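Student: I've got a structure to look at and no idea where to begin. Can we go through it together?

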Amino acid sequence: MTERHDYTDVTDLGVDADKRDRLYEAQTECAVVWTNAAGWPVGVLHRFVWHEDRFWVTCAVQRKRVAALRARPQSSVIVSSEGGSAAT
């Protein structure tokens, strides 16, 4: 690997599908992030299962995040490799 001088271009730091799958299968916790009605980001940690290229999480339907995600499905899921060696 060559020495990096420009840290603004990170396009070469992607994760291939095999490494991604190993990470998701090894980890059990993710952050689900969405926006509230005022546009502010909100996130909650969830246990998850990675199955058929999808994250599966559960929560009660009366949680505000359910209505928020239905109204504004643009969201993100964050999984860290912290504490594990699955992605290396």
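Tutor: Sure, and keep in mind that this is a predicted model. Let's begin with one pair: Val32 stands opposite Val44 in strand 2.

Student: Okay, so how many bridges join strand 1 to strand 2?

Tutor: Val32 opposite Val44 is one pair to look at. Another is Glu29, whose bridge partner in strand 2 is Arg47. The two strands run antiparallel, and the number of bridges that join them is seven.

Student: Which residue in the hairpin of strand 1 and strand 2 takes a positive phi?

Tutor: Look between the two strands, where the hairpin has five residues. The one with a positive phi, near 95 degrees, is Gly39.

Student: What is the order of the strands in the open sheet?

Tutor: Strand 1 has seven bridges to strand 2. Strand 1 also pairs with strand 5, in the antiparallel sense, over three bridges. Strand 2 (41-47) and strand 5 (76-78) are edge strands, each pairing on one side only. Put that together and the three strands have the order 2-1-5.

Student: What holds paired strands together in general?

Tutor: Strands in a sheet can be parallel or antiparallel, and either way they pair through backbone hydrogen bonds.

Student: In strand 5, which residue is the bridge partner of Ala31?

Tutor: Strand 1 covers residues 29-35, and it pairs with strand 5. Val33 stands opposite Ser76 in strand 5. For Ala31, the bridge partner there is Ile78.

Student: How many of the seven residues of strand 1 are buried?

Tutor: Take Cys30 as an example: its relative accessibility is 1%, and the cut-off for buried is under 20%, so Cys30 counts as buried. Strand 1 is mostly covered, and its number of buried residues is five.

Student: Why is Cys30 not in a disulfide with Cys59?

Tutor: A disulfide is a covalent bond between the sulfur atoms of two cysteines. The cut-off here is sulfur atoms within 2.5 Å. The closest cysteine sulfur to that of Cys30 is in Cys59, which is too far for a bond because the distance is 11 Å.

Student: And how many disulfides does the structure hold?

Tutor: Cys59 is in no disulfide either, with the sulfur of Cys30 as its nearest cysteine sulfur, 11 Å away. For the structure, the number of disulfides is zero.

Student: Is Cys59 buried, exposed or partly exposed?

Tutor: Buried means under 20% relative accessible area and exposed means over 50%. Cys59 has a relative accessible area of 33%, so the word for Cys59 is partly exposed.

Student: At what angle does helix 2 run to strand 1?

Tutor: Helix 2 covers residues 64-71, and it lies across strand 1 and strand 2. Its angle to strand 1 is about 60 degrees.

Student: Arg65 is found in helix 2. Is Arg65 buried or exposed?

Tutor: Leaving aside neighbours within four places in sequence, Arg65 is in contact with Trp34, Val44, His46 and Cys59. Its C-alpha atom is also separated by 9.4 Å from that of Val32, 33 residues apart along the chain. Its relative accessibility is 15%, so Arg65 counts as buried.

Student: Which element gives the most to the lining of the largest pocket?

Tutor: That pocket has a volume of about 280 Å³. It has 13 lining residues, and the closest to its centre are Val32, Phe55, Val57, Leu69 and Val77. Strand 1, helix 2 and strand 5 each supply at least two lining residues. With three residues, the element that gives the most is helix 2.

Student: Where is Glu52, the residue with a positive phi near 50 degrees?

Tutor: Glu52 has that positive phi even though it is a residue other than glycine. At 62% relative accessibility, it counts as exposed. Its place is in the loop between strand 3 (49-51) and strand 4 (54-56).

Student: And what is the phi of Asp53?

Tutor: Asp53 lies in the loop between strand 3 and strand 4. Asp53 counts as exposed because its relative accessibility is 53%. Although Asp53 is not a glycine, its phi is positive, at about 60 degrees.

Notes:
Residues numbered from 1 in each chain as written. Predicted model: local features only at pLDDT ≥ 70, side-chain atom pairs only at ≥ 80, totals over all residues. Heavy atoms only, no water. Pairing = 2+ DSSP bridges. Helix = DSSP H or I, 4+ residues; strand = E, 2+ residues; numbered from the N terminus. Contact = heavy atoms within 4.5 Å. Axes fitted to C-alpha atoms, helices over the stretch in contact; angles between N-to-C directions. Buried < 20%, exposed > 50% of the residue type's maximum accessible area, 1.4 Å probe, protein only. 1 Å grid on protein atoms, 1.4 Å probe; cavity = no way out; pocket = protein on both sides within 12 Å on 5 of 7 lines; lining within 4 Å. Points joined across faces, edges and corners; volume = space filled by probe spheres on them.
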